[in-house]
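Here is a short tour of a binding site, written for reading at the bench. Please open the structure and keep the ligand in view as you go.

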Amino acid sequence: MNGILYIIATPIGNLEDLTFRAKRILETVDWIACEDTRHSSILLNHYGIRKPTISFHSHSGVTKVEKIIEALVEGKSVALISDAGTPGISDPAYVLIQAALKDKIQVVPVPGPSAVVTALCASGLPTDKFLYLGFLPVKKGRQTLFKAIADSPYTVVFYESPHRLLRTLSELEKVLKRDTQLAVAKELTKIHETFFRGTVADIQKKLPAGNPKGEYVVMVKPN
Ligand code: SAM
């Protein structure tokens with residue numbers, strides 16, 4: 001009988017944010033497929049989980065996917081985890097899940113943290129409907145997407161790297177109505193967790209001077 005592929009959400013900063021179920025499954029699977037085995041060893045050591053790990057990341061080729069699928073077909077159970085949060089949410093998982101489903105392997109999600117929902121739920125912006133854009137394109141399609149954000153009838157959420165945050169906010173300011181409200185979540189679940197709320201101009205004033213550091217989620221209220 002085929003094994004099961006578990007898609008397990010792991011903490012986005014605070015190691016306490018691993019669910020009991022995630023821990024139990026990580027302790028019982030045959031293999032843990034990690035985006036970065038060294039990075040995940042911090043979490044696994046913290047919980048005393050000792051299981052064989054295998055790397056699976058965005059550059060993993062067909063051979064790696066085949067190796068994991070082979071193990072599943074032989075009846076091994078595999079847990080997929082990413083560096084942080086939910087695999088598949090701006091993290092590798094899709095190719096492996098597609099291959100597993102093609103071979104009639106059961107894929108079981110084990111829910112937990114994701115920066116998009118963590119940021120949104122405390123943002124103070126409407127959460128009944130939202131549009132998640134992952135990371136914005138760096139070049140092609142960027143302006144089109146900015147226009148779509150300005151016109152969106154839903155709260156728009158996206159991830160941004162610290163070294164592009166200020167540039168993105170300035171570019172956004174040009175397309176948004178002047179009083180459009182935003183929320184920027186920094187370092188969620190970590191010691192320096194901060195929410196910056198207000199217009200782009202308000203947030204620019206509140207952000208620490210110099211090059212921002214840390215991890216950020218940007219949210220824009222619909223007009
Ligand atoms: N799979 C992850 C999830 O479920 O949220 C997302 C992985 S993506 C490669 C990494 C991006 O998520 C970061 O650049 C940042 O924009 C956002 N992110 C992850 N952890 C975060 C945190 N603790 N605080 C704020 N943003 C975070």
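Of the 18 residues around the ligand, which come nearest? They are Asp91, Ser114, Ala115, Tyr159 and Tyr216. Please keep in mind that this is a predicted model.

**Where the ligand sits**
- The ligand takes up the space of the largest pocket.
- Two elements each give two or more residues to the shell around the ligand: strand S7 (155-160) and strand S10 (216-220).
- Both domain 1 (4-110) and domain 2 (115-220) give residues to this shell, so the ligand lies between them.

**What surrounds the ligand**
- By residue class, the shell holds nine nonpolar, five charged and four polar residues.

**Polar contacts and burial**
- The backbone of isoleucine 12 offers a polar atom 2.8 Å from a nitrogen atom of the ligand.
- Isoleucine 89 likewise has a polar backbone atom 2.8 Å from a ligand nitrogen atom.
- With glutamate 215 it is the side chain that takes part: one of its N or O atoms is 3.4 Å from a nitrogen atom of the ligand.
- The ligand taken alone exposes 570 Å², and the protein buries 91% of that.

Technical notes
Residues are numbered from 1 along each chain as its sequence is written. This is a predicted model: local features need pLDDT of at least 70, side-chain atom pairs count only at pLDDT 80 or more; totals for chains, interfaces and linings use all residues. Side-chain values use heavy atoms; hydrogens and water are left out. A residue is near a molecule or strand if one of its heavy atoms lies within 4 Å of it. A polar contact is a pair of N or O atoms within 3.5 Å; within protein, one must be able to donate a hydrogen and the other to accept it, and residues adjacent in sequence count only if both atoms are side-chain atoms. Accessible areas come from the Shrake-Rupley method with a 1.4 Å probe; for residues, only the protein chains shown count as cover. On a 1 Å grid over the protein atoms alone, a cavity is a set of points where a 1.4 Å probe fits but cannot get out, and a pocket is an open set with protein on both sides within 12 Å along at least five of seven lines; lining residues have an atom within 4 Å of a point. A molecule sits in a cavity or pocket if more than half of its atoms lie within 2 Å of its grid points. Helices (H or I, at least four residues) and strands (E, at least two) are DSSP runs, numbered from the N terminus. Ala, Val, Leu, Ile, Met, Phe, Trp, Tyr, Cys and Pro count as nonpolar, Asp, Glu, Lys and Arg as charged, and the others, Gly among them, as polar. Domain bounds come from an automatic or database domain assignment.
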